[in-house]
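Visitor: I've got this chain up on my screen and I'd like a close look at just one part of it. Could you pick a helix and walk me through it, with enough of the surroundings that I can find my way?

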Amino acid sequence: MDINEWYKSAERGTSGDMVYDILGDWKEEIEQLTQWIDDLQSKMYINCVYCGHRYGPQDEVPATMAEALKEHIEICEKHPMSKIRIENAELASKLIHREEELEPLRENLRGLLEIHEVLKEKLEEKDKELEILRHEIRIKDKR
Ligand SMILES: [Zn+2]
């Protein structure tokens with residue numbers, strides 16, 4: 001427990017209890033690190049270099065060590081891949097949000113393109129009518 005968490009805690013005991021809690025956390029971490037060192041020195045295990053997660057001994061690992069390592073990397077919170085996975089999820093979420101923001105604009109653009117097509121057709125009709133009128137005027141002028 002962090003000292004600030006302890007101070008805010010309603011059930012906090014004496015400062016001695018707090019020290020005991022903190023030492024308890026450290027004791028656990030020291031035990032994990034000691035286990036890691038023992039594993040490394042025994043050469044029977046392979047450990048994740050980021051969190052110390054133990055694989056092995058080799059005869060107890062179901063698949064190959066490479067496969068076990070690959071499976072662990074996918075869930076290891078301390079592996080840099082975790083940070084990338086989180087960033088990737090955030091970016092994907094932002095992308096989906098942007099897509100949602102763009103959809104009404106796309107809809108407006110489709111509407112404008114349809115109006116543009118209709119106006120273009122009308123303009124072509126008027127051009128044809130104008131051409132016919134010019135032709136009739138030329139015929140009348142010749143008489
Ligand atoms: Zn790990």
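Guide: A quick definition before we start: helices here are DSSP runs of H or I with at least four residues, strands are runs of E with at least two, and both are numbered from the N terminus. Keep in mind that this is a predicted model. Reading from the N terminus, the order is α-α-β-β-α-α, which gives four helices and two strands.

Let's zoom in on α4, which takes in residues 80-142. From its first C-alpha to its last, this 63-residue helix reaches 89 Å, close to the 93 Å expected at 1.5 Å a residue. Follow α4 along to Leu102 and you'll hit a kink of about 30°. The proline Pro104 comes shortly after that kink.

How many of the residues of α4 are buried? The number is zero out of 63, so the helix lies largely in the open. Buried here takes 20 or more other C-beta atoms within 10 Å of a residue's own.

For a comparison, try α2, residues 15-42. Its 28 residues should span 40 Å at 1.5 Å a residue, and the end C-alpha atoms are indeed 40 Å apart. α2 is hardly covered either, with a buried count of zero. Just after α2 comes Lys43, with a positive phi near 60°.

Stepping back to the whole chain, buried residues make up 2% of its 143 residues. As for contacts with a separation of 6 or more, 18% of them join residues 24 or more positions apart.

Conventions
Residues are numbered from 1 along each chain as its sequence is written. This is a predicted model: local features need pLDDT of at least 70, side-chain atom pairs count only at pLDDT 80 or more; totals for chains, interfaces and linings use all residues. A residue is buried if 20 or more other C-beta atoms lie within 10 Å of its own, exposed if 12 or fewer, and partly exposed in between; C-beta atoms are placed from the backbone. Two residues are in contact if their C-beta atoms, placed from the backbone, lie within 7 Å. The expected span of a helix is 1.5 Å times one less than its number of residues. The bend at a residue is the angle between axes fitted to the seven residues ending there and the seven starting there.
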